[in-house]
Amino acid sequence: MYGYSFELITGPMSCGKTEELLRRIRRCIIAKKKVKVISPDVDTRANGDYIESRNGLWLDAIKVKHSIQILSEVRNVDVVAIDELQFFDSNIVPVITQLMNEGKKVIGTGLELDFKAQPFGCMPELMCIATKVDKLHAVCMKCGCEDATRTQRLIDGKPADKSSPLIMIGGDETYEARCIKCYELPDEKHQHPKTDFKLLQFGKH
């Protein structure tokens with residue numbers, strides 16, 4: 001049976017999640033399967049109703065606001081591809097479960113960790129119900145190693161403070177992949193100004 005499965009592609013920004021999703025979709029199309037691509041409308045990086053990888057590949061996509069809308073958009077299809085799963089509401093878990101129970105093949109992508117390196121949205125639950133999980137790594141944009149697993153948010157070229165909003169749509173100017181060693185998360189509320197060591201010489205001036 002072709003369906004009854006949920007393949008989840010995850011990893012940090014710039015690791016090739018959407019590129020891999022598009023590759024799998026094209027294989028399904030070659031196999032003459034009916035495919036529909038879904039994308040959350042909160043993701044405004046594309047200027048139209050499509051998803052696009054960083055290497056320029058793209059496919060038409062249906063933009064939805066709520067997870068439950070997906071069910072009415074994918075009737076009579078064999079494969080449902082869903083990009084940026086971390087942005088969907090909590091109903092995405094039962095929606096994907098229902099799609100699998102209907103015999104459909106679901107392929108999805110999502111950031112497993114947010115910019116604070118915390119589990120992002122429903123991704124932990126989705127990783128649990130997935131029948132296959134592929135965790136991709138990226139190249140660290142600071143040291144160049146190939147084991148980047150964190151998404152570094154940048155504001156004016158500097159690491160964003162942990163009080164920054166959870167969702168902030170942006171591209172390469174806002175996010176870059178980092179390894180654990182190079183990842184930074186400043187906490188301005190708990191930072192104290194550095195005191196000149198020379199003034200602390202046991203009262204000596």
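Select R24 and E20 to begin: the two form a salt bridge, with their closest N and O atoms 2.7 Å apart. Both residues lie in helix 1, 4 residues from each other, which is about one turn of the helix, and R24 and E20 are both buried. Salt bridges that share partners extend this pair into one network, joining E7, E20, R23, R24, K105, K132 and D134. As you follow the tour, keep in mind that the model on screen is predicted.

**Around the network**

Keep R24 selected and add E7, with which R24 forms a further salt bridge, the closest N and O atoms being 2.9 Å apart. This contact links distant parts of the chain, since R24 belongs to helix 1 (residues 17-30) and E7 to strand 1 (residues 5-10), 17 residues apart. Like R24, E7 is buried.

Now return to E20 and add R23, where another salt bridge brings the closest N and O atoms to 2.8 Å. R23 and E20 both lie in helix 1 and are 3 residues apart, again about one turn of the helix. The two ends of this pair differ in exposure: R23 is partly exposed, with a relative accessible area of 44%, whereas E20, at 18%, falls under the 20% limit and therefore counts as buried. If you want to place these pairs in the wider picture, a search of the whole structure finds 10 salt bridges.

**Along helix 1**

Select residues 17-30 to show helix 1 as a whole. Its 14 residues, at 1.5 Å a residue, should span 20 Å, and the C-alpha atoms at its ends are indeed 20 Å apart, so expectation and model agree. Colouring by accessibility will pick out the buried positions of the helix, which are K17, T18, E20, L21, L22, R24, I25 and C28. Just after the helix, stop at K32, whose phi is positive, at about 65°.

**The sheet of strands 9, 10 and 11**

Move next to strand 9 (residues 150-155), which pairs with strand 11 in the antiparallel sense over 4 bridges. For one of these contacts, select T151 and look across to A177, its bridge partner in strand 11. Widening the selection shows an open sheet of 3 strands in the order 10-9-11, with antiparallel pairing. Strand 10 (158-159) and strand 11 (175-178) stand at the edges with a single partner strand each, so one side of each has no neighbour in the sheet.

**A loop and a surface patch**

From there, select L166 in the loop between strand 10 and strand 11. L166 is partly exposed, at 43% relative accessibility, and together with V42, I167 and I169 it makes a nonpolar surface patch of about 280 Å².

**The cysteines**

Finish with C143 and C145: which distance separates the sulfur of C143 from the closest cysteine sulfur? The distance is 3.7 Å, to the sulfur of C145, and this is too far for a bond because a disulfide requires sulfur atoms within 2.5 Å. C143 itself is partly exposed, with 45% relative accessibility, while C122, another cysteine to select, is buried at 8%. A search of the whole structure finds 0 disulfides.

Terms used: Residues numbered from 1 in each chain as written. Predicted model: local features only at pLDDT ≥ 70, side-chain atom pairs only at ≥ 80, totals over all residues. Heavy atoms only, no water. Pairing = 2+ DSSP bridges. Helix = DSSP H or I, 4+ residues; strand = E, 2+ residues; numbered from the N terminus. Buried < 20%, exposed > 50% of the residue type's maximum accessible area, 1.4 Å probe, protein only. Salt bridge = Lys/Arg side-chain N within 4 Å of Asp/Glu carboxyl O. Expected span 1.5 Å × (residues − 1). Patch = residues over 30% accessible without salt bridge, like charges linked within 9 Å, V, L, I, M, F, W, Y side chains within 5 Å. Areas by Shrake-Rupley, 256 points an atom, 1.4 Å probe, with all protein chains shown as cover.
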